[in-house]
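Hi everyone, thanks for coming. Today I'd like to walk you through a structure that may be new to you, so please have a look at it first.

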Amino acid sequence: MNRPSTGTCMILTKTEANLLYRPSFISSWYGAKAQNKSLSLLVINHNLGEYPVKVDVQVKINEGGKDYIFSGLGSSQRDDDLSKDYGGVIYKYNDQHIELSFPYKENHADTGGLAYTGSDNLYVGPTNLLGPYKDGYVRTRVWLASDMPHIVLNTSVYMSETINYKEITHELGYYPDILTVQTLLSNGYMSDGVGKLLAHN
């Protein structure tokens with residue numbers, strides 16, 4: 001059951017986006033491995049004492065001697081019920097740390113990886129970079145409100161299973177350069193919104 005949560009939307013203008021400061025916290029690179037339940041969770045402490053306004057989780061894999069960087073996700077693509085390849089590192093965070101989760105087989109298929117670019121033979125990009133990749137490295141970057149220039153819009157709305165759609169007006173008259181949507185969960189963690197449908201039934 002999905003518990004009620006609060007969504008926060010932050011918007012920066014074009015000029016302000018160019019003034020984005022260095023993050024307050026950049027972690028080291030940590031080894032990451034999919035399909036190993038005992039290694040499926042990684043907690044990285046930032047110890048900043050306040051909730052970030054922006055978290056960036058980077059996933060690094062190596063293919064053909066070259067490093068490639070993928071972004072972590074604020075929600076899971078799906079679970080292991082379908083025997084099809086998938087990938088992604090998901091995360092949540094609070095005022096002290098970021099918790100990362102890597103795919104592993106619970107009771108069905110062991111097809112999940114840290115990163116994956118193909119899907120049901122529909123992918124038409126570079127054929128040398130497909131996956132799913134089971135081994136790699138991760139790191140996090142954290143920005144606080146004090147790291148940001150002036151924020152044009154910072155508003156919160158209530159969401160639940162029955163109140164599952166909200167439209168927020170920013171009235172800028174043009175597309176924002178930076179937009180973040182955060183979900184405050186009932187357990188005190190935050191997660192980041194994802195601007196697309198990740199999986200279908």
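I'll start with the whole chain, then turn to the salt bridges, the aromatic pair and a few single residues.

One thing to keep in mind is that this is a predicted model. So what is the secondary structure of the chain? The chain has 14 strands and one helix. There are 201 residues in the chain, and 38% of them are buried. The accessible surface of the chain is about 11900 Å², and carbon and sulfur atoms account for 49% of that surface. Now for contacts: if we take those between residues at least 6 apart in sequence, 75% join residues at least 24 apart.

Let's move on to charges. Side chains of opposite charge can pair when their charged atoms come close. How many salt bridges does a search of the whole structure find? The search finds three.

Let me begin with K33 and D135, a salt bridge in which the closest N and O atoms are 2.8 Å apart. K33 is in strand 3, residues 30-33, while D135 is in strand 11, so this pair ties together parts of the chain that are 102 residues apart in sequence. K33 is partly exposed, at 34% relative accessibility. D135 is partly exposed too, with a relative accessible area of 44%.

Next come D56 and R141, a salt bridge with its closest N and O atoms 2.8 Å apart. Here again distant parts of the chain are linked: D56 sits in strand 5, residues 54-63, and R141 in strand 11, 85 residues away. Are D56 and R141 buried or partly exposed? D56 is buried, with a relative accessible area of 14%, whereas R141 is partly exposed at 23%.

That leaves K92 and E99, whose closest N and O atoms are 4.0 Å apart in their salt bridge. K92 counts as partly exposed, at 23% relative accessibility, and E99 counts as buried, at 18%.

K92 also brings us to a histidine, because K92 is among the residues that H97 touches, counting contacts within 4.5 Å. Which others does H97 touch, leaving aside residues up to four places away in sequence? They are V43, I44, N45, H46 and Y189. With Y189 there is also a polar contact of 2.9 Å between the side chains. H97 belongs to strand 9, residues 97-101, and is buried, with a relative accessible area of 15%.

Now for the rings. A pair of aromatic rings is described by the distance of the centres and the angle of the planes. There is one aromatic pair by the rule used here. Y91 and Y93 form that pair, and they are stacked, with 6.3 Å from centre to centre and 20° between the planes. Both Y91 and Y93 are buried.

Y93 has a partner in space as well: L184 is 91 residues from Y93 in sequence, yet their C-alpha atoms are 9.6 Å apart. L184 is found in strand 13, residues 178-184, and is partly exposed at 31% relative accessibility.

Let's finish on the surface. Which residues form a nonpolar patch there? They are W29, I69 and Y137, with about 300 Å² of accessible area together. Y137 lies in strand 11, residues 135-143, and is partly exposed, with a relative accessible area of 45%.

Thanks for listening, and I'm happy to go back to any part.

Methods
Residues numbered from 1 in each chain as written. Predicted model: local features only at pLDDT ≥ 70, side-chain atom pairs only at ≥ 80, totals over all residues. Heavy atoms only, no water. Patch = residues over 30% accessible without salt bridge, like charges linked within 9 Å, V, L, I, M, F, W, Y side chains within 5 Å. Areas by Shrake-Rupley, 256 points an atom, 1.4 Å probe, with all protein chains shown as cover. Salt bridge = Lys/Arg side-chain N within 4 Å of Asp/Glu carboxyl O. Helix = DSSP H or I, 4+ residues; strand = E, 2+ residues; numbered from the N terminus. Buried < 20%, exposed > 50% of the residue type's maximum accessible area, 1.4 Å probe, protein only. Polar contact = N/O pair within 3.5 Å; in protein donor to acceptor, adjacent residues only side chain to side chain. Phe/Tyr/Trp six-rings, centres within 6.5 Å; stacked < 30°, edge-to-face > 60°.
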